[in-house]
Amino acid sequence: MRLSDLLDSEVVDRDGERIGHVHDVRLVQDGPPLGTWGAALRLEALVVGKGSIGTRLGITRPQMKGPWILKMLFARQRASRVLVPWDRVREVGEDRVTADCVAAECPDEFAAEAGT
(Lines give C-alpha, C1' and ligand atoms only; values in the text may rest on other atoms or scores of the structure.)
Protein backbone atom coordinates (compact mmCIF):
# COMPACT_ATOMS: atom_id res chain seq x y z
CA MET A 1 0.00 0.00 0.00
CA ARG A 2 1.16 3.52 -0.79
CA LEU A 3 0.40 6.75 1.02
CA SER A 4 -1.35 8.00 -2.12
CA ASP A 5 -3.84 5.12 -1.72
CA LEU A 6 -4.95 6.57 1.63
CA LEU A 7 -4.86 10.33 1.00
CA ASP A 8 -8.27 11.87 0.29
CA SER A 9 -10.05 8.59 1.05
CA GLU A 10 -13.36 8.92 2.84
CA VAL A 11 -13.29 7.56 6.39
CA VAL A 12 -16.42 6.03 7.91
CA ASP A 13 -16.90 4.70 11.42
CA ARG A 14 -18.08 1.23 12.41
CA ASP A 15 -21.70 2.36 12.07
CA GLY A 16 -21.13 3.63 8.51
CA GLU A 17 -21.25 7.32 9.54
CA ARG A 18 -18.86 9.63 7.68
CA ILE A 19 -15.95 10.94 9.78
CA GLY A 20 -14.17 12.88 7.01
CA HIS A 21 -11.35 12.48 4.51
CA VAL A 22 -7.74 11.47 5.13
CA HIS A 23 -5.60 14.60 4.82
CA ASP A 24 -2.37 13.21 6.24
CA VAL A 25 -0.89 10.37 8.27
CA ARG A 26 1.17 10.28 11.43
CA LEU A 27 4.33 8.19 11.23
CA VAL A 28 6.56 6.97 14.07
CA GLN A 29 10.20 6.04 13.54
CA ASP A 30 10.43 2.95 15.74
CA GLY A 31 10.70 0.05 13.30
CA PRO A 32 13.64 -2.24 12.53
CA PRO A 33 16.97 -0.58 11.66
CA LEU A 34 17.48 0.35 7.98
CA GLY A 35 21.23 0.62 7.55
CA THR A 36 22.64 4.07 8.28
CA TRP A 37 19.24 5.80 7.95
CA GLY A 38 17.95 4.57 11.30
CA ALA A 39 14.72 2.91 12.33
CA ALA A 40 11.96 2.23 9.79
CA LEU A 41 8.78 4.31 9.83
CA ARG A 42 5.50 2.84 11.06
CA LEU A 43 2.03 4.21 10.31
CA GLU A 44 0.55 5.30 13.65
CA ALA A 45 -2.65 7.16 12.70
CA LEU A 46 -4.71 8.75 9.94
CA VAL A 47 -5.27 12.52 10.24
CA VAL A 48 -8.89 13.07 9.24
CA GLY A 49 -11.04 16.21 8.98
CA LYS A 50 -10.92 19.90 8.20
CA GLY A 51 -8.93 20.85 11.30
CA SER A 52 -5.98 18.77 10.22
CA ILE A 53 -3.96 21.63 8.71
CA GLY A 54 -2.69 22.65 12.15
CA THR A 55 -1.63 19.06 12.74
CA ARG A 56 0.18 18.91 9.41
CA LEU A 57 2.07 22.10 10.29
CA GLY A 58 2.94 20.76 13.75
CA ILE A 59 1.29 23.72 15.47
CA THR A 60 -1.05 21.59 17.61
CA ARG A 61 1.84 19.78 19.33
CA PRO A 62 2.33 20.84 22.96
CA GLN A 63 6.08 21.42 22.53
CA MET A 64 5.38 24.01 19.79
CA LYS A 65 5.57 27.40 21.55
CA GLY A 66 4.39 29.78 18.87
CA PRO A 67 3.35 31.77 17.05
CA TRP A 68 0.63 32.07 19.67
CA ILE A 69 -1.98 33.49 17.29
CA LEU A 70 -1.74 30.40 15.08
CA LYS A 71 -1.90 28.10 18.10
CA MET A 72 -5.14 29.79 19.17
CA LEU A 73 -6.59 29.65 15.66
CA PHE A 74 -5.82 25.97 15.17
CA ALA A 75 -6.93 25.06 18.70
CA ARG A 76 -10.45 26.11 17.68
CA GLN A 77 -10.29 23.92 14.58
CA ARG A 78 -9.04 20.91 16.52
CA ALA A 79 -12.62 19.83 17.25
CA SER A 80 -13.12 18.98 13.58
CA ARG A 81 -9.86 16.97 13.42
CA VAL A 82 -9.84 13.28 14.25
CA LEU A 83 -6.80 11.05 14.59
CA VAL A 84 -7.81 7.49 13.73
CA PRO A 85 -5.19 5.08 15.12
CA TRP A 86 -3.99 2.65 12.47
CA ASP A 87 -4.77 -0.31 14.73
CA ARG A 88 -8.43 0.86 14.73
CA VAL A 89 -8.68 0.68 10.91
CA ARG A 90 -10.81 -2.29 9.98
CA GLU A 91 -10.77 -2.12 6.18
CA VAL A 92 -9.10 -0.10 3.42
CA GLY A 93 -11.02 -0.04 0.16
CA GLU A 94 -10.68 1.75 -3.18
CA ASP A 95 -11.61 5.24 -1.91
CA ARG A 96 -12.95 4.37 1.54
CA VAL A 97 -11.46 3.49 4.91
CA THR A 98 -13.60 1.86 7.59
CA ALA A 99 -12.60 2.46 11.21
CA ASP A 100 -13.43 0.18 14.13
CA CYS A 101 -14.54 3.14 16.28
CA VAL A 102 -16.80 6.17 16.14
CA ALA A 103 -15.40 9.69 15.71
CA ALA A 104 -16.05 10.59 19.37
CA GLU A 105 -13.80 7.73 20.54
CA CYS A 106 -10.80 8.49 18.34
CA PRO A 107 -9.53 11.94 19.45
CA ASP A 108 -9.19 10.97 23.12
CA GLU A 109 -6.46 8.45 22.32
CA PHE A 110 -4.18 11.32 21.21
CA ALA A 111 -5.39 14.05 23.60
CA ALA A 112 -2.19 14.05 25.64
CA GLU A 113 -0.03 14.68 22.57
CA ALA A 114 -2.41 17.29 21.16
CA GLY A 115 -2.12 19.32 24.36
CA THR A 116 -5.67 18.91 25.61
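## The sheet

In this predicted model, six strands form an open sheet in the order E4-E3-E2-E1-E6-E5, and the pairing within the sheet is mixed. Its edges are strand E4, residues 82–85, and strand E5, residues 89–92, each of which pairs on one side only. From one strand to the next, the twist averages 40 degrees.

## Pairing at the two edges

At the E5 edge, the partner is strand E6, made up of residues 96–99, and the two pair in the antiparallel sense over three bridges. Within this pairing, Val 92 has Val 97 of E6 as its bridge partner.

At the E4 edge, the partner is strand E3, which spans residues 39–48, and these two strands also pair in the antiparallel sense, here over four bridges. The bridge partner of Leu 46 in E4 is Val 84.

## The two faces of E4

In a regular strand, side chains alternate between the two faces of the sheet. Strand E4 is covered on both faces, with Val 82 and Val 84 buried on one side, and Leu 83 and Pro 85 buried on the other.

## The nonpolar core

Which residues touch the most other members of the largest nonpolar core? In this core of 15 residues, they are Leu 6, Val 11, Leu 46, Val 48, Val 84 and Val 97. Strand E2 (18–33), together with E3, E4 and E6, contributes to this core, each of these strands supplying at least two residues.

Several of these residues also appear in the pairing described above: Leu 46 and Val 84 are bridge partners, while Val 97 is the bridge partner of Val 92.

Notes. Residues are numbered from 1 along each chain as its sequence is written. This is a predicted model: local features need pLDDT of at least 70, side-chain atom pairs count only at pLDDT 80 or more; totals for chains, interfaces and linings use all residues. Side-chain values use heavy atoms; hydrogens and water are left out. Two strands pair if DSSP finds at least two bridges between them. Axes are lines fitted to C-alpha atoms, for helices over the stretch in contact, and angles run from 0 to 180 degrees between N-to-C directions. Buried means under 20% relative accessible area, exposed over 50%, partly exposed in between (1.4 Å probe, protein chains only). A nonpolar core is a set of buried Ala, Val, Leu, Ile, Met, Phe, Trp, Tyr and Cys residues joined through side-chain atoms within 4.5 Å.
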